[in-house]
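Please describe this protein model in a short report. Cover its metal sites, its bound ligand and one of its sheets.

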Amino acid sequence: MSFYLIIFVSIVTAAAAVAGAALTFMRGNVDLARAENDLASGALALQERTENVLQSIESVLRDVVSRIPSACLRTGKFEGFAASQATKAILVGASSSLPQVTRIDLVNARGRIVGSSNPFPINDPIYLTGASYYQALSTDPSLVLYLGEPMKIRATGKRVFSLARTIKDTEGNFLGIIVSTIDVSQIERVLEDRPITRTLAVTFYRRDGMILAHSPKSERVLGQKIWHPNTPLQRVIAKNTPTLIRDISWIDKRERVIALHPLANYPGGIAVSRAVADLVPGRHFEARLIRFIAYLMDIAIDAASVLGLQQVRTGILRAASESYLSRHDILTKLPNRHLFSEELKRTFLGSQQSGGAFALHFLDIDRFKDINENHGHGAGDEIIQTVARRLRERLRKSDFIARIGADEFAIIQRPVRDRQQIIDLVMAAQAAMKVPCTVITTEVDVGVSIGVAIAPSDGNTPPELMRAADTALYAAKTDPDSSYRLYDASVKDSRAERRALEASLRSALENGELELFYQPILDLPTNQIWGCEALVRWRHPTKGLISPLEFIPTAEESGLIGPIGDWILDEACSTALTWDLPLKVAINLSPMQFKRRDVLASVKKALALSGLPAHRLVLEITESVKLTGEATATLERLKTLGVSIALDDFGTGYASMSYLRSFAFDKIKIDQSFVRGITDSSDSRAIIKATIGLANDLRMSTTAEGVETEEQLNALRLAGASQAQGYFIAKPMPREAIAAFIASTQGPHQNSLSEQLSSRAIA
Ligand code: C2E
Ligand code: CA
Ligand code: CA
């Protein structure tokens, strides 16, 4: 619950925090809001009318039952009563008093029809033991009323459904059923009685989602579920509260705004919906944006209903969502590093005022890289989620947990009385990992290392405290005897090692140990190579090839990224010029280059020195580049030169949406974590589809990264991605190899790439 509370509070604060921006945003959405209100009041009105119709039918059924003399409310007598001519007259009269009802039957406890409004005499006994209402009402004594599923009357071709009530004997035992058969088209007439608007759909559904009546008329949907399994619509219908949501309808495959209103006295409800595209003509982009956000906000919708909020209004969610996104990690739904720093500052201030102590725990999953390599990234993701859940369960309401890195978590334990309380939490966290994590069918042992710093004794400011916790964590990781450390002055400072790494990196640049690899990017519509991404490697004299993930952070911290970045630009531009084809070359820029370097000057120089035309250069930046006025101006100037700008690792960052709006990127690179899930995770698929749709609306192209299998490539083609990159197409390769690779895609007798891929990928 505390987790939900955190989310709830963050929605509320977020809503307030973005109020200014949201206002502008919402003002543009006045039409949409009005349309949503119309739908909601439509659902309410139709719910009342449907309720009235059902009530009038039910009261007639009750009336019939009330006319059974109590002497006849016994098994033998009831059948005699039901079969009498007098009863038939009552049934015929009752049935004809209701325009929606085609017949009323009395059924005995064994399921046999014993009386009917049907004018034809019953010759052979008819048993309704197979009917769902008989089965339900005869076996469940708590049920009094049942809505049966729609079916077709063979003789007339009419679609009907039934409303049935139990009849009890004088002792309260099940005696039989009275059942009315209702003409679906009559109910549909009720639903249709309203001004005609385009794409308006009205559905009367049973509590379990089964469609009993639908307007516009559609035979094929009757008896089907209104939702597809595992969709937001299914979840909200199950919750049975009046709600406004968005979902793609399986009936016409359109995205719709749906107002739901459950009936008050019957197990069913009314859904009124319109296609989003019609509600907001010309606001296609926003529709997609909202869909994307709504998807990501799903957890908050759940959280809100757990808290008993009856009406989840999309307006509030929309306002809150960007801020929510920017402060939470998508995988674990935990607060992210950004929110963590804010919270740490707040806690610090609080403890200064109160004089109380608190503890900062940094946790890191042991050998996470091995787990990823041995069991795959999907398994890695699952383990992160399991660890997050287990840690969260060990915390008090007042504590705070965030995911601050790929396999790193931070816990603010507050307040703390003494060291023992801190050690207790450390022990509890490690005990929580004793149970192996089950990933699909394999069990994986997961350990965490923990470093703890205590405020105020281990640090006078939040950064100092973080450094202390980091140092303690590093000591814990390198200590073979213990997996946790509390910071004290004797703990070895990991920064010493970093300084050593820095020194050797400096000489690496001077000695020419850095090298660029190139990974081809495939253009999907043409099946041709579109360009290559340059990826830096360190060819260490004794350690071999070192990954950029290991040394770029040090290069950034030490400022070495400046000269290294310039070298990468020069090297990549001049290499690209040697290729047989005028392909694009994509280069990664570090946020530190923006902060510390004149990127514009570096790029101009690289282009001038190499002679590479600007339009062949693509710069990739991630959301960690802060889009200040200055940074945006630099990007604009680069674009004016003819250089393209791509947004890398899209979907993993803090503020994807607001980021996209701040600058007109040429391209979005969809992060490999989503591509990995495209064939079997509907979440990843939804994100990819939404991202591609969004990119199309913004006239940006899309590159999907980390494509490792043919199925993924095919799925991406189907989803409409512009380009793909990944091991399935080709791994990153050295300068000579890429030149040969490009040459091999040319020429008639060569092993043409487009042929290879078309046979590989499209087969
Ligand atoms: P990135 O920009 O997202 O680069 C893509 C990474 O995914 C590369 O890792 C690439 O080798 C890897 N990759 C490509 N296809 C597949 C695949 O099918 N499956 C899997 N599992 N991985 C695939 P790499 O080369 O280790 O680079 C890692 C990161 O280091 C890059 O991520 C980028 O952020 C950074 N980086 C690399 N080169 C440079 C550079 O020259 N400058 C800067 N500033 N950063 C760089
Ligand atoms: Ca990249
Ligand atoms: Ca990337």
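Which residue bridges the calcium ion (ligand 2) and the calcium ion (ligand 3)? Asp648 bridges them, and the two ions lie 3.9 Å apart.

The model is a predicted one, in which local features need pLDDT of at least 70, side-chain atom pairs count only at pLDDT 80 or more, and totals for chains, interfaces and linings use all residues. Residues are numbered from 1 along each chain as its sequence is written, chains are lettered from A and ligands numbered from 1 in the order in which they are written, and side-chain values use heavy atoms, with hydrogens and water left out.

**The chain as a whole**

The protein chain has 29 helices and 28 strands. Helices (H or I, at least four residues) and strands (E, at least two) are DSSP runs, numbered from the N terminus. Of the 763 residues in the chain, 52% are buried. Buried means under 20% relative accessible area, exposed means over 50%, and partly exposed lies in between, computed with a 1.4 Å probe on protein chains only. Among contacts in the chain with a separation of 6 or more, 63% join residues 24 or more positions apart. A contact means heavy atoms within 4.5 Å.

**The two calcium ions**

Donors are N, O and S atoms within 2.8 Å of the metal (3.2 Å for Na, K and Ca); water is not among the atoms, so sites may look incomplete. The table gives the protein donors of each ion.

| Ion | Donors | Distance |
|---|---|---|
| calcium ion (ligand 2) | Glu533 (OE), Asn588 (OD1), Glu620 (OE), Asp648 (OD) | 2.1 to 2.3 Å |
| calcium ion (ligand 3) | Asp648 (OD), Asp649 (OD), Glu705 (OE), Glu705 (OE) | 2.1 to 2.6 Å |

Along the sequence, the donor residues of the calcium ion (ligand 2) follow the spacing E-x54-N-x31-E-x27-D. Asn588 lies in strand β22 (residues 584–588) and Glu620 in strand β23 (residues 617–621), so this pair ties together parts that are 32 residues apart in sequence. Asn588 counts as partly exposed, at 28% relative accessibility, whereas Glu620 is buried, with a relative accessible area of 2%.

For the calcium ion (ligand 3), the spacing of the donor residues is D-D-x55-E. Asp648 lies in strand β24 (residues 644–650) and Glu705 in the loop between β26 (701–704) and α27 (710–719), so the pair ties together parts that are 57 residues apart in sequence. Both Asp648 and Glu705 are buried.

**Ligand 1**

There are 22 residues around ligand 1, and Gln519, Arg537, Gln672, Glu708 and Tyr727 come nearest. A residue is near a molecule or strand if one of its heavy atoms lies within 4 Å of it. A backbone N or O atom of Tyr727 is 2.7 Å from an oxygen atom of ligand 1. Asn588, a donor to the calcium ion (ligand 2), has a side-chain N or O atom 3.1 Å from an oxygen atom of ligand 1. A backbone N or O atom of Val536 lies 3.1 Å from a nitrogen atom of the ligand. A polar contact is a pair of N or O atoms within 3.5 Å; within protein, one must be able to donate a hydrogen and the other to accept it, and residues adjacent in sequence count only if both atoms are side-chain atoms.

**A five-stranded sheet**

How are the strands of the open sheet of 5 strands ordered? The order is β13-β14-β12-β17-β18, with mixed pairing. Strands β13 (400–405) and β18 (484–486) stand at the edges with a single partner strand each, so one side of each is left without a neighbour in the sheet. On average, neighbouring strands are turned by 20 degrees against each other, direction ignored. Two strands pair if DSSP finds at least two bridges between them. Strand β17 (residues 448–455) and β18 pair in the parallel sense over 3 bridges, and Val452 stands opposite Leu486 in β18.

Two helices lie across strands of this sheet. Helix α15 (residues 377–393) crosses β12 (357–365), β13 and β14 (408–416), running at about 5 degrees to β14. Helix α17 (residues 462–478) lies across β12, β17 and β18, at about 145 degrees to β17. Axes are lines fitted to C-alpha atoms, for helices over the stretch in contact, and angles run from 0 to 180 degrees between N-to-C directions.

**Ser610**

Ser610 is found in helix α22 (residues 599–610) and is buried, with a relative accessible area of 14%. A polar atom of its side chain lies 2.8 Å from the backbone oxygen of Ala606. Leaving aside neighbours within four places in sequence, Ser610 is in contact with Cys573, Ser574 and Leu577.
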